[in-house]
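Please walk me through this protein chain, beginning with its overall architecture and then turning to individual side-chain contacts and backbone angles. I would like the reasoning behind each burial assignment to be made explicit where that is possible.

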Amino acid sequence: MLGLDISSTSVKLLELSKAGGKFKVESYGVEPSPENAVVEKNIADVEGVGEAIARLVERSKTKVKEAAVAVAGSAVITRVIEMPATLSEDEMETQINTVEADNVIPYPLDEVSVDFEIQGPSLPNEDQVEALLAACRRENVEMRQGAVELAGLKSKVVDIEAHCMQRAFNLVRQQFESDNDEDQVVSIITPRLVSDSLTGR
């Protein structure tokens, strides 16, 4: 699966493989986004972003056709809720979509995409589990899916940016582990393109 980062200045692509417990970069690239195609982390020009992704995919020579994208955390509502541990995943999904989501989401449910992930047992209540509920306006998700599909790819995953960084770090953290973990500091840096301009009269 390809990782795609869609920002106001560029589209970034990363393809990884894993061998011997370590990850290897198979392909990567950066393509400038059309001007004003992404405004305040929202896609305003689906076709323009899709064309940028297509150019990037062609240049990277990747054969992978499935991609993961993410929405900005500011566009997502997240809540940790408790649910009966006896419920199956399908029953939890039904309850979340019919009851829980309506209690925490300030938008009509037909305008949002809702998902959840079980975090584990609830410490205060042994018969409950904690579930992370995430909701985002459907248009934010569909805009990203549309841009990816215009590039000839399939969006298999739509995640939250901050969660993507956490998952990525959890995958590679063992490569940083040593006998002196307590003294080790690891920084997570998100690079951004910076453009400075000087104008005169």
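The paragraphs below go from the whole chain to single residues.

The model is a predicted one, and every value quoted here is computed from it. Its protein chain comprises four helices and 10 strands, which, when read along the sequence, follow the pattern β-β-β-β-β-α-β-β-α-β-β-α-β-α. Of the 201 residues in the protein chain, 31% are buried. If one takes the contacts between residues at least 6 apart in sequence, 62% of them join residues at least 24 apart.

Among the helices, α2 deserves a separate look. Helix α2 spans residues 89–104 and bends by about 50° at Ile96. Ile96 is also one of the buried residues of this helix, together with Met92, Glu100 and Ala101, so the list includes a glutamate as well as the residue at the bend. What covers the buried residues of α2 includes three strands, namely β7 (76–84), β8 (112–121) and β9 (128–137).

The next topic is the charged side chains. The structure holds eight salt bridges, and three of them are followed here in detail. In one of them, Glu31 pairs with Arg55, with the closest N and O atoms 2.8 Å apart. This pair links distant parts of the chain, since Glu31 belongs to strand β3 (residues 22–32) and Arg55 to helix α1 (residues 46–60), 24 residues apart. Glu31 counts as buried because its relative accessibility is 11%, a value under the 20% that serves as the limit for burial. Arg55, by contrast, counts as partly exposed because its relative accessibility is 36%, which falls between the limits of 20% and 50%.

Glu31 has a further partner in Arg59, and in this salt bridge the closest N and O atoms are 2.7 Å apart. Because Arg59 lies in helix α1 and Glu31 in strand β3, the pair ties together parts that are 28 residues apart in sequence. Arg59 has a relative accessibility of 46% and therefore counts as partly exposed.

Where does Lys41 find its salt-bridge partner? The partner is Glu161, and the closest N and O atoms of the two residues are 3.9 Å apart, which still satisfies the 4 Å cut-off for a salt bridge. Lys41 lies in the loop between β4 (38–39) and β5 (42–43), whereas Glu161 lies in helix α4 (residues 161–172), so the pair ties together parts that are 120 residues apart in sequence. With a relative accessibility of 43%, Lys41 counts as partly exposed, while Glu161, at 19%, counts as buried. As for the salt bridges that share partners, they join Glu31, Arg55 and Arg59 into one network.

Two other kinds of side-chain interaction can be added to this picture. A search of the whole structure finds zero aromatic pairs. There is, however, a contact between a charge and a ring, in which the charged end of Arg137 sits over the ring of Tyr107 at 3.9 Å from its centre. A polar contact of 3.2 Å is made between the side chains of Lys12 and Ser10. Lys12 is placed in strand β2 (residues 10–19), and this lysine is buried because its relative accessible area is 18%, under the limit of 20%.

The last topic is the backbone. Most residues other than glycine have a negative phi, and it is against this background that two loop residues may be read. Asn36, in the loop between β3 and β4, has a phi near 65°, which is a positive value in a residue other than glycine. Which loop holds Glu40? Glu40 is found in the loop between β4 and β5, and its phi is likewise positive, near 50°. Asn36 counts as exposed because its relative accessibility is 54%, and Glu40 counts as exposed because its relative accessibility is 71%, both values being over the limit of 50%.

Note on methods. Residues are numbered from 1 along each chain as its sequence is written. This is a predicted model: local features need pLDDT of at least 70, side-chain atom pairs count only at pLDDT 80 or more; totals for chains, interfaces and linings use all residues. Side-chain values use heavy atoms; hydrogens and water are left out. The bend at a residue is the angle between axes fitted to the seven residues ending there and the seven starting there. Helices (H or I, at least four residues) and strands (E, at least two) are DSSP runs, numbered from the N terminus. Buried means under 20% relative accessible area, exposed over 50%, partly exposed in between (1.4 Å probe, protein chains only). Contact means heavy atoms within 4.5 Å. Rings of Phe, Tyr and Trp (its six-membered ring) pair if their centres lie within 6.5 Å; planes under 30 degrees apart count as stacked, over 60 as edge-to-face and the rest as tilted. A charge sits over a ring if NZ of Lys or CZ of Arg is within 6 Å of the ring centre and within 35 degrees of the ring normal. A polar contact is a pair of N or O atoms within 3.5 Å; within protein, one must be able to donate a hydrogen and the other to accept it, and residues adjacent in sequence count only if both atoms are side-chain atoms.
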